Structures are given as structure tokens and as C-alpha cells.
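Hi everyone, thanks for making time this morning. Let me put the structure up on the screen, and then I'll walk you through it.

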Amino acid sequence: MSVLVYTENWDGLFKKQSFELVSYASAVAGMMNTKVTALSIGKVDAEELGKLGNWGAEKIINAVSDELTVFDSQAYTGIIADIARAEGSKVIIFSNNISGKALAPRLSVRLKAGIGAGVSKLPLSIEPFTVYKRTYSGNAFAHLVINSDVKILTLAQNSFDLTEKPTGAVPETINVSIDSSPVRTVVTDRVQQTGKILLTDAEIVVSGGRGMKSPDNWGPLVELASLLNAATACSRPVSDEGWRPHEEHTGQTGKMIAPNLYIAVGISGATQHLAGVSSSKYIVAINNDKDAPIFEAAQYGIVGDALKILPKLVDAVKGLKK
Amino acid sequence: MKILVCISNVPDTTTKIKFADGNTSIDTAGIQWVINPWDELSLTRALELKDDQANGVKSVTVAHVGPASSEPTIRKALAIGADDAIRINASASDAYYTAFQLAEVIRKEGFDMIICGIESSDFNGSAVGGMVAEFLGIPSVSSVSGIRFEGGSPLLTREIDGGRETVKVTAPFVAIVQKGIAKEPRIASMRGIMTARTKPVKVYEPVAADSLTTVAGFEKPAPRAACRYIDPENPAQLIDLLQNEAKVI
Ligand SMILES: Cc1cc2nc3c(=O)[nH]c(=O)nc-3n(C[C@H](O)[C@H](O)[C@H](O)COP(=O)(O)OP(=O)(O)OC[C@H]3O[C@@H](n4cnc5c(N)ncnc54)[C@H](O)[C@@H]3O)c2cc1C
């Protein structure tokens with residue numbers, strides 16, 4: 001028996017979310033009196049792999065294959081399924097991110113394992129196996145019982161604290177063959193920005209809505225974000241108007257995010273917007289309408305003209321840095 | 001090429017969710033049901049692809065797992081422009097069960113491109129599309145933000161961390177779509193609404209399949225502390241509170 005955690009790597013490196021995931025897996029394993037195996041697919045060097053052991057991974061497997069040069073959900077599922085079987089894994093944990101959403105459902109069918117998607121807490125109980133899961137886009141949480149022998153969980157990002165637990169596990173690299181699930185995905189083109197803080201990874205997000213009035217007013221918002229090491233985001237009308245890139249659109253039909261701090265500037269706080277940001281630990285609202293619904297979701301608020309307030313916030317943060 | 005769009009029936013996105021039966025189910029009284037927003041956009045894109053005859057899309061079908069009471073949602077999809085519809089007469093008890101039913105019908109009817117939304121706005125499971133593909137043993141491409149045709153074959157754009165890739169897969173395949181797939185949902189025209197009444201809806205009875213999960217109960221999100229207001233003349237106080245009280249910067 002074991003808990004298997006799929007630790008994705010980005011060009012051979014892990015992120016904080018990888019370690020959160022291992023910390024979570026380790027706590028689940030603790031509840032079940034078993035151990036954590038971490039699995040990463042694609043070449044990662046031994047030192048980087050070893051870091052997974054700082055957060056409770058007792059076994060660290062790096063599966064590599066020359067045939068795997070692109071992300072193919074069938075081939076990846078095949079590898080994870082083989083290792084889950086070999087490890088006798090009863091619970092398999094993914095991040096609820098792009099790759100987790102791609103792989104968990106396929107693996108669910110392959111192993112006949114029920115999924116708890118987007119869990120944000122430890123299981124409420126092991127017998128029956130009950131998880132706490134977001135539903136109705138954050139307007140309700142379900143106690144979901146997973147009745148299958150093997151269970152799959154996808155963990156909402158930024159929902160579990162890092163818990164140090166060094167194991168000294170020595171990583172093993174295994175060569176896998178992917179004959180059983182041939183790679184059928186061909187990538188013909190790729191554009192990728194590097195060096196930018198990804199919205200879904202950011203601990204602080206500064207977001208602008210229609211109340212910013214014009215794309216020309218974004219200067220101080222972007223400056224505030226960069227001073228805070230934050231990512232920038234926006235409401236849907238803002239990206240629909242082309243004021244900001246589509247990647248920044250947050251909400252029900254955009255990105256779901258859960259940073260430690262979400263600063264909403266000139267955003268009214270429509271249900272569909274809140275659906276994507278309500279899991280943030282703190283929400284700050286800056287809006288000139290004291291009745292805007294965003295203030296109901298916020299812990300700190302300033303009622304006033306965003307265009308006047310933003311430059312003052314920039315100055316205040318600059319003062320802090322001195 | 002035959003396209004299938006899987007549609008789910010969900011409460012309108014502004015619905016205030018209330019519980020019933022000792023918090024074990026949702027109180028459906030007064031709820032307006034709509035096509036899941038992602039599925040509506042999927043349907044829109046499928047119809048756009050069909051409109052351009054060079055793409056060779058022969059038909060756009062919608063499939064739904066649900067009881068007869070969800071017929072209005074199906075008729076709405078037909079009014080928007082789907083050619084025909086399939087309803088599997090069962091309640092969609094969990095993602096595994098639902099995907100099993102859809103896969104069974106897809107096997108019988110045969111489709112080249114199956115489009116599913118990234119999630120339903122009610123259960124937020126993000127699972128049905130990938131499960132359908134796995135039941136059928138066909139490729140799936142997820143986080144798809146664009147579908148177009150080039151030289152008669154579909155090209156998909158998928159989101160990756162910090163960027164996007166253009167991807168080709170062999171049909172049949174499942175595309176699991178998200179933001180960007182279509183700009184605005186297509187609205188039913190008067191003529192669409194008239195013709196929807198006579199378009200065929202094939203009803204299948206469900207096959208035996210397992211559900212792997214059950215909902216034991218619901219709870220409301222924890223209430224947030226009341227908002228603390230900061231003097232707009234002194235925004236620096238906000239920064240101070242974020243640093244020393246909330247400790248998030
Ligand atoms: C199916 C569906 C899905 C949707 N999905 C999303 C989604 O994913 N994300 C999303 O964001 N929206 C989504 N929407 C749209 C949503 O309903 C709202 O229309 C949208 O969020 C509003 O954006 P906003 O807050 O920027 O603009 P508005 O609602 O126009 O609000 C602008 C705010 O700025 C304030 N303001 C104006 N001037 C100033 C100033 N000088 N200083 C400070 N404040 C000022 C105003 O008081 C107002 O509160 C969806 C809608 C539907 C129907």
C-alpha cells in the first residue's frame with residue numbers, strides 16, 4: 001500500500017506547488033498509516049529530485065523515456081498507471097492544474113478509481129473515504145465519498161501549507177517503455193513566455209476591472225504588481241475589450257486562482273468573477289462604489305477612485321522597500 | 001467529419017445555492033437551468049466550424065445524460081443550431097457513470113471529434129471529457145483554447161503553463177475546451193427556435209454502469225470576516241495592515 005503523488009516538473013525543475021503536493025500526500029499517508037511515493041516523468045537531476053524528500057516523500061521515482069518529448073495524456077496515464085499498480089497505491093494525488101486535470105480522469109478509468117477533484121483540505125475521514133470538495137463554483141462545498149478501492153485526488157493550488165519532513169530518500173530513475181499507449185499527440189508549434197510570474201503560481205495578484213477606465217491607466221497597477229512580486233490579472237470585460245491579454249482573465253470562464261492576496265481594483269465582484277478568486281486567502285477591494293458586491297468578499301477595502309489611490313499605494317510600497 | 005458536443009444542464013451562474021433534505025441535496029426550487037457555459041461555447045465553435053464548408057463538417061450533434069426534465073436545455077442547443085441531439089435517459093450520478101454512458105453511445109453512433117467543456121459549473125469535476133476518451137481508448141487534448149482546420153484536418157491550440165502549443169491528433173479524439181474556444185455564445189434565432197421543435201432527439205436508455213462517488217452532504221463556504229475600510233486619503237495604511245496584520249506582503 002502507498003500514497004502516490006504525481007510531481008510534475010517544468011523543464012527538470014519543481015515549483016513550490018510540487019512541495020505543497022508532497023506535504024499534502026504525506027499528511028494523507030499519515031492518516032492511512034502508509035508511505036508516500038513521488039513520481040516525476042521526464043528527466044530531472046538527482047539533486048532536484050532529492051528535494052521531494054524534504055517534504056515527506058519516502059520513495060522518489062523518476063520515469064524517463066526517449067520516446068516522450070511532448071505531453072501526451074494517454075502515454076503519461078499509461079506510465080502512472082503502471083507505477084501505481086507496482087506500488088500498490090491506494091490514493092493517487094495530482095495538482096488540480098493543467099496536467100492534473102488532463103491525467104486524473106484518464107487514470108480514473110484505467111484504475112477504476114473515483115476522483116475527488118479540487119480538494120482543498122485533508123480527507124474528512126478515511127473510512128468511508130470522504131473529501132471536502134468545491135462545487136457550484138465555490139458557492140458550496142461537498143462532502144464527497146469515494147467508494148472505489150483506489151482513489152484519486154486533485155489538490156487545489158495554494159490550499160495546503162508546506163510541512164517539512166525530511167526522509168533522506170534516494171531517488172531512483174527508471175526507463176519506461178510506452179509501447180502500450182503510443183504517443184499520438186504531435187506538437188507543431190509552441191509559444192511560451194519565460195521569466196514571468198504565472199498567474200496560477202503567484203502568491204499575490206493585482207487585478208483590474210472596467211473601473212480602470214482605459215488600457216492606458218494600467219501603468220501604476222503593473223508597477224504595484226512588480227513591486228509586490230505579484231502577477232497581474234483582470235476581469236472578463238477587460239480581456240474581452242482587448243485591454244489586457246486573455247491569459248489574465250480570472251473568474252468562472254477564465255482562470256481559477258487562490259493566491260494569498262488578491263487585490264481587486266475597479267472590479268464590481270460579480271458572482272462569475274468571484275467564482276475564480278473566492279478561494280484567495282485575503283481579498284482587497286478598491287472601488288468607488290461603496291455598495292459594490294466585491295466589498296462583501298473582501299477583508300480590506302478602500303472606497304475611492306482607483307486611479308488616484310493606485311499611485312499612492314505604489315509610493316507606500318516603495319517606502320517599505322527602503 | 002461528425003462533431004459531437006457533450007452538454008450538461010446547470011443552474012444559471014448567478015443562482016444563490018440553497019440546500020435541501022438536511023443539506024444532502026440542492027434545493028432546485030426556482031432554479032433557472034442553462035447549458036453549462038463551457039458547453040455553450042463548445043457548441044458555438046462547432047457550429048462556426050461547420051459554417052465554413054471548406055472544413056467538411058457534416059453534422060453537429062449534442063449529447064446529454066439526464067432525465068426528460070432536461071429536454072428544454074437540449075431544445076435550446078438545437079435552437080442555437082445543433083443538427084440533432086441524443087439524450088441518455090438517466091440521472092448523471094457521477095462523472096464515471098456519465099462518461100460511461102456517453103462513451104457507449106459514441107461507440108454506437110460514431111463521431112470524429114468529441115468536444116467537452118473543461119468543467120461543469122455545478123460539480124466542478126473536470127473529469128467527463130478525459131474519462132470518455134479513456135473509455136474509448138482514443139486521444140484527448142485538454143485545456144484547448146482553439147480549434148481550426150488546416151488542409152482538412154483539425155489543429156488544436158492548447159494552453160500550457162505560460163504559453164500555448166498547437167497540436168495535431170488523429171481522429172477520433174476528444175477535445176476538452178476552455179477559455180478562448182469561442183468569443184460569445186451563439187444566440188438562438190427566431191427561426192432556430194421554430195426549427196428546434198422538429199429536430200430529432202434520440203433517446204437511449206442507460207446501460208448498467210457503476211458510480212464511484214456519492215455526495216454525503218453539502219456545506220456553505222465559511223463566511224468571511226467583515227470588510228475593514230481604510231481611509232482613501234491614507235492608502236498607505238492598507239500596505240501597513242497587509243504587512244503587519246495579514247502578513248501577506
Ligand atoms: C456565463 C458568464 C460567465 C462569466 N464569467 C466571468 C469571468 O470568468 N470573469 C469575470 O470577471 N466576469 C465574468 N462574467 C461577467 C460578469 O458577470 C461581470 O459582468 C464582470 O465580472 C464585470 O467586470 P468588472 O467588474 O470589471 O466590470 P463592472 O461590473 O463594470 O464593474 C466595474 C467596477 O468598477 C468600479 N469603478 C468605476 N470607476 C471606478 C474608479 N474610478 N475607481 C474605482 N472603481 C471604479 C465600479 O463601481 C464597478 O464596481 C461572466 C458572465 C456570464 C454571464
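Glu203(A) has a relative accessibility of 35%, so it counts as partly exposed. Keep in mind that we are looking at a predicted model. The side chain of Glu203(A) meets that of Lys16(A) in a salt bridge, with 2.8 Å from N to O. Lys16(A) sits in helix 1 (residues 16-31) of chain A and Glu203(A) in the loop between strand 10 and strand 11, so this pair ties together parts that are 187 residues apart in sequence. Like its partner, Lys16(A) is partly exposed, here with a relative accessible area of 37%.

As a reminder, side chains of opposite charge can pair when their charged atoms come close. Let me stay with chain A for two further pairs. Asp82(A) and Arg85(A) form a salt bridge in which the closest N and O atoms are 3.6 Å apart. Both belong to helix 3 (residues 73-87) of chain A and are three residues apart, about one turn of the helix. Asp82(A) counts as partly exposed because its relative accessibility is 42%. The other pair is Asp291(A) with Lys290(A), at 3.5 Å from N to O, and both of these residues are exposed. Going back to where we started, salt bridges with shared partners join Lys16(A), Glu20(A) and Glu203(A) into one network. How many salt bridges does a search of the whole structure find? Over all chains, the number is 29.

Now for the interface. Between them, chain B and chain A bury about 7100 Å², and 56% of that is on carbon and sulfur atoms. Which residues of chain B lose the most area to chain A? They are Glu134(B), Asp161(B) and Arg224(B), which together make up 11% of what that side buries. In terms of residues, 87 from chain A and 76 from chain B take part in the contact.

Glu134(B) comes up again when we look at charges, since Arg106(A) forms a salt bridge with Glu134(B), the closest N and O atoms being 2.7 Å apart. Across this interface there are six salt bridges, and the count of residue pairs in polar contact is 44. Several elements of chain B each supply at least two residues to the side that touches chain A, among them helix 1 (37-51), helix 4 (128-136), strand 10 (153-160) and helix 6 (236-244).

Let me zoom out to chain B as a whole. Its C-alpha trace spans about 65 × 45 × 40 Å along the principal axes, and the chain has six helices and 15 strands. Of its 249 residues, 55% are buried. If you take the contacts in chain B with a separation of 6 or more, 72% of them come from residues 24 or more positions apart.

Helix 2 (residues 71-80) of chain B is worth a look on the screen. Its buried residues are Thr73(B), Ile74(B), Ala77(B), Leu78(B), Ala79(B) and Ile80(B). The helix is followed by Gly81(B), which has a positive phi near 145°. On the surface, meanwhile, Met190(B), Ile193(B) and Met194(B) make a nonpolar patch of about 300 Å². Met194(B) is part of helix 5 (residues 190-196), and its 45% relative accessibility makes it partly exposed.

For a buried example in chain A, take Ile178(A), in the loop between strand 9 (172-175) and strand 10 (185-192). Its relative accessible area is 5%, so Ile178(A) is buried. Beyond its neighbours within four places in sequence, Ile178(A) is in contact with Ser65(A), Glu67(A), Leu68(A), Ile79(A) and Val183(A). Ile178(A) and Tyr76(A) are 102 residues apart in sequence, with 8.6 Å from C-alpha to C-alpha.

Finally, some backbone details for anyone setting up calculations. Where are the cis peptide bonds I want to point out? One runs from Glu127(A) to Pro128(A), with omega near -10°, and another joins Ala171(B) and Pro172(B), with omega about 0°. Pro128(A) is in the loop between strand 5 (114-119) and strand 6 (130-135) of chain A, while Pro172(B) is in the loop between strand 11 and strand 12 (173-177) of chain B.

There are also positive phi values at residues that are not glycine: about 75° at Lys213(A) and about 50° at Asp21(B). Lys213(A) is exposed, at 55% relative accessibility, and Asp21(B) is exposed too, at 59%. That's my tour, and I'm happy to take questions.

How values were computed. Residues numbered from 1 in each chain as written. Chains lettered and ligands numbered in written order. Predicted model: local features only at pLDDT ≥ 70, side-chain atom pairs only at ≥ 80, totals over all residues. Heavy atoms only, no water. Patch = residues over 30% accessible without salt bridge, like charges linked within 9 Å, V, L, I, M, F, W, Y side chains within 5 Å. Areas by Shrake-Rupley, 256 points an atom, 1.4 Å probe, with all protein chains shown as cover. Salt bridge = Lys/Arg side-chain N within 4 Å of Asp/Glu carboxyl O. Helix = DSSP H or I, 4+ residues; strand = E, 2+ residues; numbered from the N terminus. Buried < 20%, exposed > 50% of the residue type's maximum accessible area, 1.4 Å probe, protein only. Contact = heavy atoms within 4.5 Å. Buried area = accessible area lost by both parts, 1.4 Å probe. Polar contact = N/O pair within 3.5 Å; in protein donor to acceptor, adjacent residues only side chain to side chain.
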